[in-house]
Amino acid sequence: MESGTASFVFDLPLQPNPSNKLAIIHILGLLSNLFTTLDISHHDDEPEGTEAKKKPTLQGPNPVVVVLQQVFQLIQKVLSKWLNDAQVVESVCAIFEKSVKTLLDDFAPMIPQLSEMLGQMYSTIPQASALELTRQLVHIFANDPTHFVPVKALFLLVTSVTLSIFQQGLHLSGSLARKERWQLVAVGHSEAAM
């Protein structure tokens with residue numbers, strides 16, 4: 001990264017307030033698009049029907065993964081301050097969703113870190129975007145023996161948290177229904193007494 005770009009990214013306004021939110025979402029969107037377009041192993045600009053160019057042999061990890069690993073801590077800092085904001089969490093998840101779709105197997109070095117972060121996010125404040133990203137990781141990497149353990153742990157955690165939410169909802173709705181019945185009975189007795 002050039003120093004201008006790096007300072008732009010690392011000067012993110014982390015404190016949650018409405019004026020910072022748009023800047024955060026915009027920068028996360030830029031990162032998301034960067035990771036989608038930075039992959040050098042695909043050649044989408046070739047016309048259909050032509051023989052595809054041979055993928056360049058990469059020496060070491062994919063450049064997208066290297067950059068993603070460099071900004072991972074920054075993304076965690078953003079999440080630590082903005083975890084209550086569904087739009088910011090959605091923007092963070094979009095970075096990883098697009099990266100996984102772009103890189104597929106090359107995303108593998110990020111799976112342990114991402115699985116841990118997603119588990120922490122979802123168990124703290126469950127959000128649909130984290131659930132969708134988890135679904136994507138399970139779909140792509142659950143059959144890979146190398147990544148089975150972190151993906152399985154994430155899946156079990158997300159399942160447990162989700163079931164707990166549903167059980168709380170059922171208990172809450174049952175309690176509310178009983179309370180409403182008692183209120184109706186009380187109103188009925190009050191009206192009968194009048």
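The expected span of a helix is taken here as 1.5 Å times one less than its number of residues. Helix α4 is a good place to use that yardstick: its 18 residues cover 25 Å from the first C-alpha to the last, close to the 26 Å expected at 1.5 Å a residue. Helices here are DSSP runs of H or I with at least four residues, strands are runs of E with at least two, and both are numbered from the N terminus.

A word on the model itself. It is a predicted one, in which local features need pLDDT of at least 70 and side-chain atom pairs count only at pLDDT 80 or more, while totals for chains, interfaces and linings use all residues. Residues are numbered from 1 along each chain as its sequence is written, and side-chain values use heavy atoms, with hydrogens and water left out.

Zooming out, the chain has seven helices and zero strands. Of its 194 residues, 34% are buried, where buried means under 20% relative accessible area, exposed means over 50%, and partly exposed is in between (1.4 Å probe, protein chains only). Taking contacts (heavy atoms within 4.5 Å) between residues at least 6 apart in sequence, 71% join residues at least 24 apart.

Back to α4 and its partners. The buried residues of this helix include Val-88, Val-92, Ile-95, Phe-96, Ser-99 and Leu-103. Packed against the buried residues of α4 are α2, α3 (63-82), α5 (111-124) and α6 (128-141). At the start of the helix, a side-chain oxygen of Asp-85 comes within 2.9 Å of the backbone nitrogen of Gln-87.

The pairing with α2 can be spelled out further. Helix α2 (residues 18-37) packs on α4 (residues 86-103) at an angle of about 5 degrees, and the axes lie 8 Å apart. Axes are lines fitted to C-alpha atoms, for helices over the stretch in contact, and angles run from 0 to 180 degrees between N-to-C directions. The two helices are therefore roughly parallel to each other, a label used for angles under 35 degrees (over 145 is roughly antiparallel, 65 to 115 roughly perpendicular, and the rest oblique). On the α2 side the contact residues include Ile-24, Leu-28, Leu-31, Phe-35 and Thr-36, and on the α4 side they include Val-88, Ser-91, Ile-95, Lys-98 and Thr-102. By class, this contact has nine nonpolar, seven polar and two charged residues. Nonpolar covers Ala, Val, Leu, Ile, Met, Phe, Trp, Tyr, Cys and Pro; charged covers Asp, Glu, Lys and Arg; the others, Gly among them, are polar.

Thr-36 gives a residue-level view of this pairing. It sits in helix α2 and is partly exposed, with a relative accessible area of 34%. Neighbours within four places in sequence aside, Thr-36 touches Lys-98 and Thr-102. The C-alpha atoms of Thr-36 and Lys-98 are 5.9 Å apart, although 62 residues separate them along the chain. Within its own helix, the Thr-36 side chain reaches the backbone oxygen of Ser-32 at 2.9 Å.

Just past the end of α4 comes a backbone oddity. Most residues other than glycine have a negative phi. Leu-104, however, is not a glycine and has a positive phi of about 50 degrees. Leu-104 lies in the loop between α4 and α5, and at 42% relative accessibility it counts as partly exposed. Further on, Glu-116 of helix α5 is exposed, with a relative accessible area of 52%.

Terms used: Polar contact = N/O pair within 3.5 Å; in protein donor to acceptor, adjacent residues only side chain to side chain.
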